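Colleague: Could you take a close look at one helical part of this model for me, and then follow its packing to the neighbours? I'd love the cut-offs along the way.

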Amino acid sequence: MLAISDCTVTYPDGTSTVTALDGANLQVGPGELHAVVGESGSGKSTLLAVAGGLTVPVSGLIDVAGQALAGADDKERTRIRRDYIGFVFQTPNMLPALTVRDQLLLTDHVRGQKRRPSRADELLERVGLGGLGDRKIGQLSGGQKQRVGIARAMMGEPKLLLADEPTSALDADNSRSVVEMLSQLVKESGIAGVLVTHDRSQLEVCDGVTEMKDGRTRLVSGELAGARR
């Protein structure tokens, strides 16, 4: 569902060049939640940006559900992001004037689709927020807001779900609950999920782990921190 092969990303830095990714690789199959770990500056966020078509590598191949991202022009990358990829951000970034349900329905508007309130309510039920669709986002806890963010990312029925440290602002119990829910959604929907995290206690919920250092990737055994295959 996601295949990144030999990707390199560089940035100019004055008179020199910084290598953010150095021949990075990542493969994630349907129904798998794959964790990416590493120290700050190791390349985790750049790898996620490459997978989401937000950063263009200088070399390498990127395939999302049969769609080639590497080499695609801006219009094509936008189409692939819209139709195939869902993003869960570190901060949910909700609009305070909208209800919980409308946060999800805004996705339909952006995609030029007819509003699907039944789809929104189904997703809210799946993330444990059934019956809360009419509440304002400010009435929810931090953990609940992040669940809304996950439901919003699923509104477009993506093939790939990218989550960038979605639990960094949550306590341990809420963090565990959110990651377990991500894993369940990925499996039930048969999509690929990538979780960037600094919390190695979450790895036991994931199906695979890739460790990053200096822009390079290393596939780690599922035994790391108790992670299962």
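Modeller: Happily! In helix 3 (residues 100-110), the buried residues include Val-100, Arg-101, Gln-103, Leu-104, Leu-105, Thr-107 and Asp-108; buried means under 20% relative accessible area, exposed over 50% and partly exposed in between, with a 1.4 Å probe and protein chains only. Helices here are DSSP runs of H or I with at least four residues, numbered from the N terminus. This is a predicted model, in which local features need pLDDT of at least 70 and side-chain atom pairs count only at pLDDT 80 or more, while totals for chains, interfaces and linings use all residues. Residues are numbered from 1 along each chain as its sequence is written, and side-chain values use heavy atoms, with hydrogens and water left out.

The buried residues of helix 3 pack against helix 4 (117-126) and helix 5, where contact means heavy atoms within 4.5 Å. After helix 3 comes Gly-112, with a positive phi near 75°.

Following helix 5 (residues 142-154) onward, its axis comes within 10 Å of that of helix 6 (residues 172-189), and the two cross at roughly 15°; axes are lines fitted to C-alpha atoms over the stretch in contact, and angles run from 0 to 180 degrees between N-to-C directions. Helix 5 and helix 6 are therefore roughly parallel to each other, a label for angles under 35 degrees. On the helix 5 side, the contact is made by Gly-143, Gln-146, Arg-147, Ile-150 and Met-154, and helix 6 brings residues including Asn-174, Val-178 and Leu-185.

Key: Angles under 35 degrees count as roughly parallel, over 145 as roughly antiparallel, 65 to 115 as roughly perpendicular and the rest as oblique.
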